[in-house]
Amino acid sequence: MSTFRTMLKTELKLSLRGMDMFIFAICMPLIVLVILGIIYEDNPAFHGADYTFLQQSFGALVTISILAGGVMGLPLVISEYRSKKILKRFKVTPVTPVMILFVQLVIYALYAVASLLLLYLVAVLFFNFQLVGSWFYFLGGYFLVMLSIFSIGMMVGGLAPNTKTASVLAILLYFPMLIFSGATLPYEVMPEALQRVADIMPMTQGIKLIKVASLGMEMDHVLLPIMVMAIVAVICTVLSIKFFKWE
Amino acid sequence: MSMQDVIRVEHLSKSFNGLPVIRNLSLSIKRGAVFGLLGANGAGKSTTIECMLGTKKADSGRVTILGKNPWKERKQLFQRVGVQFQEAHYQEKITVQELCEVTQSFYKKTDNYKKLLEQFGIFEKRKNFVSELSGGQRQRLFIVLALIPQPEVVFLDELTTGLDARARRDVWKILTSLKKKGLTIFLTSHFMDEVENLCDGICILRKGQMVFHGTVEDAIASSPFDKFEDTYLWYTEEEMGNEYL
(Lines give C-alpha, C1' and ligand atoms only; values in the text may rest on other atoms or scores of the structure.)
Protein backbone atom coordinates (compact mmCIF):
# COMPACT_ATOMS: atom_id res chain seq x y z
CA MET A 1 0.00 0.00 0.00
CA SER A 2 1.20 3.53 -0.71
CA THR A 3 2.79 5.69 1.98
CA PHE A 4 -0.12 8.10 1.83
CA ARG A 5 -2.86 5.50 2.22
CA THR A 6 -1.10 3.59 4.98
CA MET A 7 -0.28 6.74 6.94
CA LEU A 8 -3.77 8.12 6.47
CA LYS A 9 -5.42 4.90 7.63
CA THR A 10 -3.18 4.62 10.70
CA GLU A 11 -3.21 8.28 11.69
CA LEU A 12 -6.99 8.40 11.33
CA LYS A 13 -7.33 5.42 13.67
CA LEU A 14 -4.95 7.07 16.16
CA SER A 15 -6.94 10.30 15.98
CA LEU A 16 -10.25 8.50 16.57
CA ARG A 17 -8.76 6.62 19.52
CA GLY A 18 -7.94 10.04 20.99
CA MET A 19 -11.65 11.10 20.94
CA ASP A 20 -10.99 14.85 21.35
CA MET A 21 -11.59 15.70 17.69
CA PHE A 22 -14.78 13.64 17.73
CA ILE A 23 -15.99 15.84 20.58
CA PHE A 24 -14.79 19.23 19.30
CA ALA A 25 -15.30 18.79 15.56
CA ILE A 26 -18.31 16.49 15.38
CA CYS A 27 -20.36 16.77 18.59
CA MET A 28 -19.91 20.44 19.42
CA PRO A 29 -21.21 21.98 16.16
CA LEU A 30 -24.13 19.57 16.31
CA ILE A 31 -25.01 20.66 19.82
CA VAL A 32 -24.92 24.35 18.83
CA LEU A 33 -27.15 23.60 15.83
CA VAL A 34 -29.68 21.74 17.98
CA ILE A 35 -29.78 24.53 20.57
CA LEU A 36 -30.28 27.24 17.92
CA GLY A 37 -32.87 25.06 16.21
CA ILE A 38 -34.84 24.56 19.39
CA ILE A 39 -34.69 28.25 20.36
CA TYR A 40 -35.44 29.84 16.97
CA GLU A 41 -37.36 26.98 15.27
CA ASP A 42 -38.15 28.35 11.80
CA ASN A 43 -38.50 31.99 12.81
CA PRO A 44 -37.13 34.58 10.39
CA ALA A 45 -33.65 35.92 11.06
CA PHE A 46 -35.13 39.35 11.83
CA HIS A 47 -38.47 41.03 11.37
CA GLY A 48 -39.26 40.98 7.68
CA ALA A 49 -36.33 38.77 6.65
CA ASP A 50 -37.08 36.26 3.91
CA TYR A 51 -34.78 33.64 5.44
CA THR A 52 -34.84 31.93 8.86
CA PHE A 53 -32.43 32.46 11.70
CA LEU A 54 -31.18 28.94 11.23
CA GLN A 55 -30.54 29.50 7.53
CA GLN A 56 -28.53 32.56 8.46
CA SER A 57 -26.52 30.62 11.05
CA PHE A 58 -25.89 27.45 9.03
CA GLY A 59 -22.98 29.00 7.14
CA ALA A 60 -21.33 29.82 10.47
CA LEU A 61 -21.96 26.48 12.16
CA VAL A 62 -20.25 24.50 9.42
CA THR A 63 -17.00 26.34 10.17
CA ILE A 64 -16.79 25.18 13.81
CA SER A 65 -15.21 21.85 12.89
CA ILE A 66 -12.85 23.54 10.42
CA LEU A 67 -11.71 25.75 13.25
CA ALA A 68 -11.37 22.90 15.78
CA GLY A 69 -9.35 20.76 13.38
CA GLY A 70 -7.38 23.60 11.84
CA VAL A 71 -6.18 25.61 14.80
CA MET A 72 -6.44 23.01 17.60
CA GLY A 73 -6.03 19.54 16.09
CA LEU A 74 -3.40 20.23 13.43
CA PRO A 75 -0.90 22.33 15.38
CA LEU A 76 -1.16 20.14 18.48
CA VAL A 77 -0.60 16.86 16.67
CA ILE A 78 2.35 18.24 14.72
CA SER A 79 4.03 19.77 17.75
CA GLU A 80 3.36 16.64 19.80
CA TYR A 81 5.01 14.49 17.13
CA ARG A 82 7.96 16.83 17.24
CA SER A 83 8.35 16.91 21.01
CA LYS A 84 7.96 13.12 21.26
CA LYS A 85 10.69 12.89 18.61
CA ILE A 86 8.48 10.93 16.26
CA LEU A 87 9.46 13.42 13.56
CA LYS A 88 13.11 12.79 14.39
CA ARG A 89 12.58 9.11 13.66
CA PHE A 90 10.75 10.03 10.44
CA LYS A 91 13.76 12.13 9.46
CA VAL A 92 15.92 9.02 9.16
CA THR A 93 13.41 7.46 6.75
CA PRO A 94 12.58 8.59 3.20
CA VAL A 95 9.22 10.16 4.17
CA THR A 96 8.90 13.88 3.31
CA PRO A 97 7.61 16.70 5.54
CA VAL A 98 5.02 17.49 2.85
CA MET A 99 3.62 13.96 3.18
CA ILE A 100 3.46 14.17 6.98
CA LEU A 101 1.63 17.52 6.86
CA PHE A 102 -0.64 16.46 4.01
CA VAL A 103 -1.82 13.32 5.81
CA GLN A 104 -2.84 15.36 8.86
CA LEU A 105 -4.49 17.94 6.63
CA VAL A 106 -6.62 15.25 4.98
CA ILE A 107 -7.63 13.81 8.36
CA TYR A 108 -8.95 17.16 9.60
CA ALA A 109 -10.61 17.80 6.25
CA LEU A 110 -12.44 14.48 6.70
CA TYR A 111 -13.64 15.53 10.16
CA ALA A 112 -14.86 18.85 8.75
CA VAL A 113 -16.72 17.27 5.84
CA ALA A 114 -18.27 14.66 8.15
CA SER A 115 -19.47 17.48 10.38
CA LEU A 116 -20.88 19.41 7.39
CA LEU A 117 -22.88 16.38 6.21
CA LEU A 118 -24.17 15.65 9.69
CA LEU A 119 -25.22 19.27 10.30
CA TYR A 120 -26.98 19.41 6.95
CA LEU A 121 -28.88 16.17 7.53
CA VAL A 122 -29.98 17.11 11.04
CA ALA A 123 -30.97 20.64 9.96
CA VAL A 124 -33.02 19.33 7.03
CA LEU A 125 -34.65 16.44 8.89
CA PHE A 126 -35.46 18.13 12.17
CA PHE A 127 -35.51 21.89 11.63
CA ASN A 128 -37.04 22.41 8.20
CA PHE A 129 -33.79 23.74 6.82
CA GLN A 130 -33.20 24.49 3.16
CA LEU A 131 -30.02 25.74 1.55
CA VAL A 132 -31.48 28.45 -0.65
CA GLY A 133 -28.23 29.66 -2.17
CA SER A 134 -25.95 27.96 -4.66
CA TRP A 135 -24.22 24.77 -3.49
CA PHE A 136 -21.41 25.57 -5.87
CA TYR A 137 -20.60 28.95 -4.28
CA PHE A 138 -21.30 27.55 -0.82
CA LEU A 139 -18.76 24.73 -1.21
CA GLY A 140 -16.30 27.09 -2.90
CA GLY A 141 -16.41 29.40 0.12
CA TYR A 142 -16.35 26.44 2.50
CA PHE A 143 -13.18 24.93 1.05
CA LEU A 144 -11.50 28.33 0.81
CA VAL A 145 -12.11 28.86 4.54
CA MET A 146 -10.82 25.34 5.21
CA LEU A 147 -7.67 26.00 3.19
CA SER A 148 -6.88 29.24 4.96
CA ILE A 149 -7.68 28.08 8.52
CA PHE A 150 -5.75 24.82 8.01
CA SER A 151 -2.78 26.71 6.65
CA ILE A 152 -2.72 28.85 9.80
CA GLY A 153 -2.72 25.64 11.87
CA MET A 154 0.05 24.06 9.80
CA MET A 155 2.17 27.13 10.22
CA VAL A 156 1.66 27.20 13.99
CA GLY A 157 2.38 23.45 14.26
CA GLY A 158 5.35 23.69 11.93
CA LEU A 159 7.00 26.69 13.56
CA ALA A 160 6.11 26.53 17.28
CA PRO A 161 9.30 25.66 19.17
CA ASN A 162 7.54 23.32 21.62
CA THR A 163 4.17 21.82 22.56
CA LYS A 164 3.56 24.45 25.20
CA THR A 165 3.88 27.35 22.76
CA ALA A 166 1.79 25.44 20.24
CA SER A 167 -1.05 24.91 22.72
CA VAL A 168 -0.97 28.53 23.90
CA LEU A 169 -1.13 29.72 20.29
CA ALA A 170 -3.86 27.20 19.53
CA ILE A 171 -5.97 28.49 22.41
CA LEU A 172 -5.31 32.12 21.44
CA LEU A 173 -6.49 31.38 17.93
CA TYR A 174 -9.29 28.96 18.73
CA PHE A 175 -11.41 30.62 21.40
CA PRO A 176 -11.56 34.19 20.05
CA MET A 177 -12.38 32.88 16.58
CA LEU A 178 -14.90 30.37 17.96
CA ILE A 179 -16.77 33.00 19.94
CA PHE A 180 -16.28 36.28 18.10
CA SER A 181 -16.08 35.36 14.42
CA GLY A 182 -19.74 34.39 14.37
CA ALA A 183 -19.12 30.65 14.37
CA THR A 184 -21.12 30.14 17.56
CA LEU A 185 -22.36 33.53 18.77
CA PRO A 186 -24.20 34.95 15.75
CA TYR A 187 -22.35 37.91 14.21
CA GLU A 188 -25.69 39.64 13.60
CA VAL A 189 -26.52 39.92 17.31
CA MET A 190 -23.14 41.44 18.22
CA PRO A 191 -22.90 45.17 18.98
CA GLU A 192 -21.37 47.12 16.15
CA ALA A 193 -18.09 47.80 17.96
CA LEU A 194 -17.57 44.09 18.50
CA GLN A 195 -18.38 43.41 14.86
CA ARG A 196 -15.59 45.79 13.84
CA VAL A 197 -13.08 43.91 15.99
CA ALA A 198 -14.38 40.56 14.73
CA ASP A 199 -13.89 41.72 11.14
CA ILE A 200 -10.11 41.55 11.61
CA MET A 201 -10.21 37.76 12.01
CA PRO A 202 -9.85 35.78 8.78
CA MET A 203 -12.52 33.42 10.07
CA THR A 204 -15.11 36.24 10.20
CA GLN A 205 -14.41 37.08 6.58
CA GLY A 206 -14.75 33.41 5.67
CA ILE A 207 -18.07 33.04 7.47
CA LYS A 208 -19.44 36.12 5.70
CA LEU A 209 -18.50 34.56 2.42
CA ILE A 210 -20.17 31.23 3.22
CA LYS A 211 -23.28 32.99 4.53
CA VAL A 212 -23.70 35.09 1.40
CA ALA A 213 -23.38 31.92 -0.68
CA SER A 214 -25.70 29.83 1.48
CA LEU A 215 -28.42 32.49 1.53
CA GLY A 216 -28.12 33.10 -2.21
CA MET A 217 -27.48 36.80 -1.72
CA GLU A 218 -25.84 39.13 -4.23
CA MET A 219 -22.16 38.45 -4.60
CA ASP A 220 -20.93 42.00 -4.09
CA HIS A 221 -18.47 42.81 -1.37
CA VAL A 222 -17.04 39.29 -1.51
CA LEU A 223 -13.77 40.18 -3.20
CA LEU A 224 -12.19 41.35 0.05
CA PRO A 225 -12.97 38.16 2.04
CA ILE A 226 -11.80 36.00 -0.86
CA MET A 227 -8.53 37.92 -1.13
CA VAL A 228 -7.92 37.79 2.64
CA MET A 229 -8.51 34.02 2.77
CA ALA A 230 -6.38 33.28 -0.28
CA ILE A 231 -3.46 35.45 0.85
CA VAL A 232 -3.48 33.92 4.33
CA ALA A 233 -3.53 30.42 2.80
CA VAL A 234 -0.60 31.06 0.46
CA ILE A 235 1.62 32.80 3.02
CA CYS A 236 1.04 30.28 5.81
CA THR A 237 1.46 27.22 3.57
CA VAL A 238 4.72 28.48 2.13
CA LEU A 239 6.07 29.36 5.59
CA SER A 240 5.06 26.04 7.14
CA ILE A 241 6.78 23.99 4.44
CA LYS A 242 9.83 26.22 4.11
CA PHE A 243 10.53 26.41 7.84
CA PHE A 244 9.40 22.91 8.82
CA LYS A 245 11.37 21.67 11.83
CA TRP A 246 11.91 17.97 12.52
CA GLU A 247 13.16 18.62 16.03
CA MET B 1 40.38 5.53 1.87
CA SER B 2 39.07 3.03 -0.63
CA MET B 3 35.93 2.71 -2.71
CA GLN B 4 34.86 -0.02 -0.33
CA ASP B 5 34.15 2.50 2.42
CA VAL B 6 30.45 2.53 3.14
CA ILE B 7 30.67 5.09 5.93
CA ARG B 8 33.19 7.89 5.92
CA VAL B 9 33.54 10.52 8.64
CA GLU B 10 36.14 13.25 8.18
CA HIS B 11 37.18 15.72 10.87
CA LEU B 12 33.78 15.84 12.56
CA SER B 13 33.44 18.38 15.40
CA LYS B 14 30.48 19.50 17.43
CA SER B 15 30.07 21.74 20.50
CA PHE B 16 27.09 22.52 22.69
CA ASN B 17 27.16 25.96 24.32
CA GLY B 18 30.89 26.24 23.72
CA LEU B 19 31.63 22.81 25.23
CA PRO B 20 33.16 20.43 22.69
CA VAL B 21 31.26 17.12 22.51
CA ILE B 22 33.01 15.65 19.47
CA ARG B 23 36.56 16.66 18.62
CA ASN B 24 37.91 16.16 15.12
CA LEU B 25 36.65 12.61 14.65
CA SER B 26 37.54 10.65 11.51
CA LEU B 27 36.41 7.10 10.72
CA SER B 28 35.92 4.83 7.75
CA ILE B 29 33.97 1.60 7.69
CA LYS B 30 34.04 -1.05 4.98
CA ARG B 31 31.07 -2.88 3.48
CA GLY B 32 29.96 -5.86 5.54
CA ALA B 33 31.85 -4.77 8.65
CA VAL B 34 30.45 -4.47 12.15
CA PHE B 35 31.80 -1.34 13.77
CA GLY B 36 31.42 -0.51 17.46
CA LEU B 37 31.52 3.03 18.82
CA LEU B 38 32.41 2.75 22.51
CA GLY B 39 32.72 5.11 25.41
CA ALA B 40 31.26 5.95 28.79
CA ASN B 41 27.91 7.73 29.11
CA GLY B 42 28.39 11.29 27.93
CA ALA B 43 31.47 10.48 25.85
CA GLY B 44 29.66 11.66 22.71
CA LYS B 45 28.48 8.42 21.12
CA SER B 46 24.86 9.39 20.48
CA THR B 47 25.86 12.88 19.32
CA THR B 48 28.31 11.28 16.88
CA ILE B 49 25.56 9.03 15.48
CA GLU B 50 23.16 11.94 15.21
CA CYS B 51 25.70 14.13 13.41
CA MET B 52 26.40 11.24 11.05
CA LEU B 53 22.70 10.77 10.29
CA GLY B 54 21.94 14.47 9.99
CA THR B 55 19.49 14.70 12.89
CA LYS B 56 22.06 17.06 14.44
CA LYS B 57 24.23 19.42 12.48
CA ALA B 58 27.95 19.13 13.02
CA ASP B 59 29.94 22.36 13.41
CA SER B 60 32.53 21.15 10.93
CA GLY B 61 33.59 18.03 9.09
CA ARG B 62 32.11 15.81 6.43
CA VAL B 63 30.04 12.64 6.53
CA THR B 64 29.19 10.35 3.64
CA ILE B 65 27.16 7.17 3.91
CA LEU B 66 26.95 4.98 0.79
CA GLY B 67 28.59 7.90 -1.01
CA LYS B 68 25.72 10.24 -0.10
CA ASN B 69 25.49 13.33 2.06
CA PRO B 70 22.85 12.73 4.79
CA TRP B 71 21.81 16.41 4.71
CA LYS B 72 21.48 16.88 0.99
CA GLU B 73 20.43 13.42 -0.15
CA ARG B 74 18.28 12.38 2.80
CA LYS B 75 15.44 10.80 0.81
CA GLN B 76 17.63 8.59 -1.38
CA LEU B 77 20.03 7.68 1.41
CA PHE B 78 17.42 6.51 3.91
CA GLN B 79 15.88 4.16 1.37
CA ARG B 80 18.98 2.06 2.05
CA VAL B 81 19.82 2.83 5.68
CA GLY B 82 18.02 1.62 8.82
CA VAL B 83 18.27 3.39 12.17
CA GLN B 84 17.46 2.44 15.75
CA PHE B 85 17.82 5.33 18.17
CA GLN B 86 18.71 4.85 21.81
CA GLU B 87 15.21 5.82 22.87
CA ALA B 88 12.07 4.55 21.22
CA HIS B 89 9.87 7.26 19.72
CA TYR B 90 6.31 6.36 18.76
CA GLN B 91 2.73 7.64 18.69
CA GLU B 92 0.84 7.20 21.93
CA LYS B 93 -1.90 4.84 20.83
CA ILE B 94 -0.20 2.94 18.02
CA THR B 95 -0.01 -0.85 17.85
CA VAL B 96 3.04 -2.91 16.92
CA GLN B 97 1.48 -3.94 13.64
CA GLU B 98 0.44 -0.39 12.71
CA LEU B 99 3.91 0.96 13.44
CA CYS B 100 5.44 -1.75 11.25
CA GLU B 101 2.96 -1.14 8.42
CA VAL B 102 3.58 2.62 8.41
CA THR B 103 7.34 2.07 8.47
CA GLN B 104 7.10 -0.45 5.64
CA SER B 105 5.08 2.02 3.54
CA PHE B 106 8.00 4.51 3.52
CA TYR B 107 10.28 2.24 1.48
CA LYS B 108 10.41 0.96 -2.08
CA LYS B 109 12.02 -2.35 -1.20
CA THR B 110 11.12 -4.02 2.09
CA ASP B 111 11.42 -7.18 4.11
CA ASN B 112 8.29 -8.86 5.43
CA TYR B 113 7.82 -7.33 8.87
CA LYS B 114 5.85 -10.34 10.13
CA LYS B 115 8.84 -12.56 9.43
CA LEU B 116 11.12 -10.11 11.27
CA LEU B 117 8.78 -9.90 14.26
CA GLU B 118 8.81 -13.69 14.40
CA GLN B 119 12.62 -13.83 14.20
CA PHE B 120 12.85 -11.38 17.07
CA GLY B 121 10.27 -13.27 19.13
CA ILE B 122 7.57 -10.58 19.30
CA PHE B 123 5.16 -11.74 16.60
CA GLU B 124 2.46 -12.63 19.14
CA LYS B 125 2.64 -9.02 20.42
CA ARG B 126 1.70 -7.52 17.04
CA LYS B 127 -1.81 -6.46 18.11
CA ASN B 128 -0.62 -4.83 21.35
CA PHE B 129 0.00 -1.14 21.80
CA VAL B 130 3.71 -0.36 21.58
CA SER B 131 3.37 1.29 24.99
CA GLU B 132 2.31 -2.05 26.51
CA LEU B 133 5.53 -3.84 25.52
CA SER B 134 8.29 -4.49 28.03
CA GLY B 135 11.52 -2.55 27.60
CA GLY B 136 13.23 -5.52 25.98
CA GLN B 137 10.34 -6.21 23.62
CA ARG B 138 10.22 -2.57 22.57
CA GLN B 139 13.97 -2.60 21.97
CA ARG B 140 13.59 -5.60 19.68
CA LEU B 141 10.67 -3.94 17.87
CA PHE B 142 12.82 -0.92 17.05
CA ILE B 143 15.58 -3.18 15.70
CA VAL B 144 12.88 -4.76 13.51
CA LEU B 145 11.86 -1.29 12.27
CA ALA B 146 15.50 -0.55 11.38
CA LEU B 147 15.68 -3.79 9.38
CA ILE B 148 12.35 -3.44 7.52
CA PRO B 149 13.91 -1.53 4.55
CA GLN B 150 16.40 -4.41 3.92
CA PRO B 151 19.11 -1.83 4.58
CA GLU B 152 22.68 -1.91 3.32
CA VAL B 153 23.76 -0.07 6.45
CA VAL B 154 22.12 -0.14 9.86
CA PHE B 155 22.77 2.12 12.86
CA LEU B 156 21.94 0.58 16.23
CA ASP B 157 22.39 2.83 19.26
CA GLU B 158 22.70 0.63 22.36
CA LEU B 159 21.20 -2.32 20.58
CA THR B 160 20.74 -4.76 23.45
CA THR B 161 20.24 -2.48 26.45
CA GLY B 162 17.33 -3.91 28.41
CA LEU B 163 17.44 -7.36 26.84
CA ASP B 164 17.88 -10.57 28.85
CA ALA B 165 20.80 -12.91 28.15
CA ARG B 166 18.77 -15.19 25.86
CA ALA B 167 17.36 -12.31 23.78
CA ARG B 168 20.83 -10.76 23.42
CA ARG B 169 22.24 -13.99 22.03
CA ASP B 170 19.32 -14.21 19.60
CA VAL B 171 19.92 -10.65 18.41
CA TRP B 172 23.64 -11.37 17.93
CA LYS B 173 22.82 -14.44 15.85
CA ILE B 174 20.44 -12.52 13.59
CA LEU B 175 22.93 -9.68 13.12
CA THR B 176 25.76 -12.10 12.35
CA SER B 177 23.69 -13.77 9.66
CA LEU B 178 22.74 -10.39 8.16
CA LYS B 179 26.39 -9.36 8.19
CA LYS B 180 27.23 -12.49 6.15
CA LYS B 181 24.77 -11.22 3.54
CA GLY B 182 26.72 -7.97 3.32
CA LEU B 183 24.97 -5.71 5.84
CA THR B 184 27.21 -3.04 7.35
CA ILE B 185 26.46 -2.45 11.03
CA PHE B 186 27.36 0.62 13.08
CA LEU B 187 26.56 0.08 16.74
CA THR B 188 27.13 1.43 20.20
CA SER B 189 27.10 -0.83 23.23
CA HIS B 190 27.97 -0.94 26.90
CA PHE B 191 28.48 -4.71 26.86
CA MET B 192 32.08 -5.65 26.12
CA ASP B 193 31.22 -9.34 25.54
CA GLU B 194 28.86 -8.16 22.81
CA VAL B 195 31.53 -5.97 21.25
CA GLU B 196 34.08 -8.81 21.30
CA ASN B 197 31.52 -11.13 19.78
CA LEU B 198 30.27 -8.90 16.98
CA CYS B 199 32.69 -6.11 16.09
CA ASP B 200 35.40 -6.21 13.43
CA GLY B 201 36.48 -2.72 14.30
CA ILE B 202 36.02 -0.39 17.24
CA CYS B 203 36.56 3.20 18.18
CA ILE B 204 36.75 4.26 21.81
CA LEU B 205 35.67 7.81 22.66
CA ARG B 206 36.65 9.71 25.74
CA LYS B 207 35.13 13.17 26.13
CA GLY B 208 34.44 13.34 22.42
CA GLN B 209 37.96 12.42 21.45
CA MET B 210 39.02 9.20 19.77
CA VAL B 211 41.45 7.43 22.11
CA PHE B 212 41.57 4.14 20.19
CA HIS B 213 40.69 3.01 16.67
CA GLY B 214 41.34 -0.54 15.47
CA THR B 215 40.37 -4.12 16.28
CA VAL B 216 39.53 -5.56 19.70
CA GLU B 217 42.78 -7.62 19.56
CA ASP B 218 44.87 -4.53 18.81
CA ALA B 219 43.22 -2.73 21.69
CA ILE B 220 44.07 -5.50 24.13
CA ALA B 221 47.64 -5.70 22.80
CA SER B 222 48.11 -1.96 23.22
CA SER B 223 47.09 -2.08 26.90
CA PRO B 224 48.66 -3.64 29.98
CA PHE B 225 45.66 -6.03 30.29
CA ASP B 226 44.64 -9.28 28.66
CA LYS B 227 40.87 -8.92 29.03
CA PHE B 228 38.97 -6.57 26.74
CA GLU B 229 36.75 -5.17 29.49
CA ASP B 230 39.82 -4.12 31.47
CA THR B 231 41.33 -2.64 28.32
CA TYR B 232 38.19 -0.67 27.64
CA LEU B 233 38.04 0.70 31.18
CA TRP B 234 41.71 1.56 31.02
CA TYR B 235 41.14 3.55 27.82
CA THR B 236 38.05 5.34 29.07
CA GLU B 237 39.36 6.10 32.53
CA GLU B 238 43.02 6.72 31.75
CA GLU B 239 44.29 10.01 33.16
CA MET B 240 41.22 10.13 35.36
CA GLY B 241 43.54 10.23 38.36
CA ASN B 242 45.44 13.16 36.91
CA GLU B 243 42.35 15.26 36.53
CA TYR B 244 41.71 15.28 40.22
CA LEU B 245 45.29 16.01 41.28
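**Entry 1: overall fold of chain A**

I counted the secondary structure of chain A first and found 11 helices and zero strands. The model is a predicted one, and I read every value below with that in mind. Going along the sequence, I noted the pattern α-α-α-α-α-α-α-α-α-α-α.

I then looked up the dimensions. The C-alpha trace of chain A spans about 65 × 35 × 30 Å along its principal axes. The radius of gyration of chain A is 18 Å, which agrees with the value near 18 Å for a compact globule of 247 residues. I found that 53% of the 247 residues count as buried. Among contacts in chain A with a separation of 6 or more, 78% are between residues 24 or more positions apart.

**Entry 2: surface of chain A**

I looked up the exposed area of chain A, which is about 11100 Å², with 73% of it supplied by carbon and sulfur atoms. Which residues make the nonpolar surface patch of about 480 Å²? I listed Ile171(A), Phe175(A), Ile179(A), Phe180(A), Leu185(A) and Val189(A). I checked Ile171(A) further: this residue lies in helix H8 (residues 163-180) of chain A. Ile171(A) counts as partly exposed because its relative accessibility is 44%.

**Entry 3: the UniProt record**

I consulted UniProt, where an unreviewed entry lists "transmembrane region" for residues 21-40, 60-78, 99-129, 135-156, 168-187 and 222-244 of chain A. I compared two of these spans with the model. Residues 21-40 of chain A are 100% helix and 0% strand, and their end C-alpha atoms lie 28 Å apart. For residues 60-78 of chain A, I read 89% helix and 0% strand, with the end C-alpha atoms 27 Å apart.

**Entry 4: salt bridges**

I searched the whole structure and got 21 salt bridges over all chains. One of them joins Arg17(A) to Glu98(B), with the closest N and O atoms 2.6 Å apart. This pair crosses between chains, from helix H1 (residues 3-18) of chain A to helix H3 (residues 96-105) of chain B. Is each partner buried or exposed? Arg17(A) counts as partly exposed at 28% relative accessibility, whereas Glu98(B) is buried at 4%.

Within chain B, I found Arg62(B) and Glu10(B) in a salt bridge (3.5 Å, N to O). Arg62(B) lies in strand E4 (residues 60-65) and Glu10(B) in strand E1 (residues 5-16), so the pair ties together parts 52 residues apart in sequence.

I also noted a salt bridge between Glu50(B) and Lys56(B) (3.2 Å, N to O). Salt bridges that share partners join Lys13(A), Arg17(A) and Glu98(B) into one network.

Definitions and conventions. Residues numbered from 1 in each chain as written. Chains lettered and ligands numbered in written order. Predicted model: local features only at pLDDT ≥ 70, side-chain atom pairs only at ≥ 80, totals over all residues. Heavy atoms only, no water. Patch = residues over 30% accessible without salt bridge, like charges linked within 9 Å, V, L, I, M, F, W, Y side chains within 5 Å. Areas by Shrake-Rupley, 256 points an atom, 1.4 Å probe, with all protein chains shown as cover. Salt bridge = Lys/Arg side-chain N within 4 Å of Asp/Glu carboxyl O. Helix = DSSP H or I, 4+ residues; strand = E, 2+ residues; numbered from the N terminus. Buried < 20%, exposed > 50% of the residue type's maximum accessible area, 1.4 Å probe, protein only. Rg over C-alpha atoms; globule rule 2.2 N^0.38 Å. Contact = heavy atoms within 4.5 Å. UniProt positions renumbered as here; feature names shortened; annotations may be inferred.
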